[in-house]
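Welcome, and thank you for taking a look at this one. The report below walks through charges, rings and a pocket, in that order.

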Amino acid sequence: MFIYIALYTFLLICSFADVSKCSQKNKLILLTFLVLVFVLFRGLRWETGTDWEQFEYCFNHADWDNITNYDRYGNGRERMESGYMLLNCIIKIFGNYTLFLLVTNLFIVGSWAKLSYKLVPSKPIMTFAMIMVSNLIFPVRLQLAAGIFCWSIYYLLEKKFLACTIVTIIACSIHKSAIIVSLILPFLSLQIKSYAAIILIMLSLLGNTIADMLSLAVLGFAVLINPLLPDLATNLVVYSDVEKSGYTEISLLSQIISFLFSIILLLSFLYTRHIIAKSSLDFTNKKKLMLKVNIFMNCYIIFTFFLKFFQIPSLANFQRVAEFFTTGYAVSFMLSYNYLKYKISSKILFAFYIILYLYKLKGLLNTSYPELFYPYISIFDSIKR
């Protein structure tokens, strides 16, 4: 695990460039270097990470004849998206699966870096670091689609609606879950009322509690009807157990910390929006800045809602939607950081950033499949075997 800790600690240390007198040119050089490091780390792995073997098999069997009909599992259960298969076939012309990993990771990590530099030019390293620690260590097909979709959000901000639509369609061709996300996209620019935002976050944070209450209610109902309808009561009990099966217990302390972070962040976003609304900026600049704040705050709310609320096992597939909005978490936080630094000590703000980063890093490294990540094996290690 040392290489993971060392790499992400180095990324955190690089964040100091954003609170120092480092020039914008040097920040760009550092950001480019970080992209190179993480692309190589992600792209040169060998049999490391979830679904590595499965997607290598897909790459090796990709062919121009099966772009639209490749059966992922060979049993007719799922047909792989045509855009993803087309990408495999194109890259396969020039090299092997390692090249595929390098190219796709260059796009994903490079996109995050470029958008960080464009969206929060005063804090690009910190924004990039927060995006990196909010995403999977090694991306799968879903995250490739999410990396493409983040450009849809950017083009929506720039009001380039044709480009936004085209990019969304491409994302849908990589992973079908992007279709659900595309339905949310037109509503991202809406200005949600503060109380509505708080209610949504509270619902998401209490998702597990709601699941527990529903499970207890089902069990209670089963007890009541057992004398009259014993078969139905038994089925309800079994169903309730299935709903809870596979659920990962989270300590009370972790739940409290997550709750506090989420509430603090949302309140800071709402406060930032309030400051901008009351500022003396000219109408055009204020409107553009408010649009940016609204879009990325909405992304944060959607990210939190789908990630937290849909931890309920029977609804876990909907958690995938959160992957498309990870940039909202980072961009909203850094936009607020820039405004709050005039109200709160810069040292306190940066300390909070470090604590938040380390908290998210702890969650990132605490994977459900440690045997697939640790130890890290590169393509060079595989040659020595």
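Let us begin with the charges: in this predicted model, E81, R141 and K176 are joined in a network of salt bridges. A search of the whole structure turns up three salt bridges, listed here.

| Salt bridge | Closest N to O |
|---|---|
| D18 and K27 | 3.6 Å |
| R141 and E81 | 2.4 Å |
| K176 and E81 | 3.2 Å |

How far apart in sequence are the parts that R141 and E81 tie together? R141 belongs to helix α7 and E81 to the loop between α3 (52–60) and α4, so their pair ties together parts that are 60 residues apart in sequence. Both R141 and E81 are buried. The pair of K176 and E81 also links distant parts of the chain, with K176 in the loop between α8 and α9 (178–184), 95 residues from E81. Is K176 buried or partly exposed? With a relative accessibility of 41%, K176 counts as partly exposed, whereas E81, at 8%, counts as buried. As for the remaining bridge in the table, D18 and K27 are both buried.

R141 has a ring partner too: its charged end sits over the ring of Y84, 5.8 Å from the ring centre. Another charge over a ring is that of K360, which lies over the face of Y329 at 4.0 Å from the ring centre.

Now to the rings themselves. The structure holds 35 aromatic pairs. One of them is Y4 with F41, an edge-to-face pair at 5.6 Å centre to centre and 80° between the planes. Y4 lies in helix α1 (residues 2–14) and F41 in helix α2 (residues 24–43), so this pair ties together parts that are 37 residues apart in sequence. Y4 and F41 are both buried.

F16 and F350 have ring centres 4.8 Å apart and planes at 70°, so they too form an edge-to-face pair. Because F16 lies in the loop between α1 and α2 and F350 in helix α16 (residues 346–365), the pair ties together parts that are 334 residues apart in sequence. F16 is partly exposed, at 43% relative accessible area, while F350 is buried, at 8%. Both rings belong to one aromatic cluster, whose members include F261, F333 and Y337.

Finally, the second largest pocket holds about 240 Å³ of space. Of its 13 lining residues, L87, L144, I148, I170 and I174 are the closest to its centre. Helices α4 (82–94), α5 (97–119), α7 (141–157) and α8 (161–174) each give two or more residues to the lining. Which kinds of residue make up this lining? Ten are nonpolar, three are polar and none is charged.

Notes: Residues are numbered from 1 along each chain as its sequence is written. This is a predicted model: local features need pLDDT of at least 70, side-chain atom pairs count only at pLDDT 80 or more; totals for chains, interfaces and linings use all residues. Side-chain values use heavy atoms; hydrogens and water are left out. Rings of Phe, Tyr and Trp (its six-membered ring) pair if their centres lie within 6.5 Å; planes under 30 degrees apart count as stacked, over 60 as edge-to-face and the rest as tilted. Helices (H or I, at least four residues) and strands (E, at least two) are DSSP runs, numbered from the N terminus. Buried means under 20% relative accessible area, exposed over 50%, partly exposed in between (1.4 Å probe, protein chains only). A charge sits over a ring if NZ of Lys or CZ of Arg is within 6 Å of the ring centre and within 35 degrees of the ring normal. On a 1 Å grid over the protein atoms alone, a cavity is a set of points where a 1.4 Å probe fits but cannot get out, and a pocket is an open set with protein on both sides within 12 Å along at least five of seven lines; lining residues have an atom within 4 Å of a point. Grid points are joined across faces, edges and corners, and a volume is the space filled by probe spheres set on the points. Ala, Val, Leu, Ile, Met, Phe, Trp, Tyr, Cys and Pro count as nonpolar, Asp, Glu, Lys and Arg as charged, and the others, Gly among them, as polar. A salt bridge is a side-chain nitrogen of Lys or Arg within 4 Å of a carboxyl oxygen of Asp or Glu.
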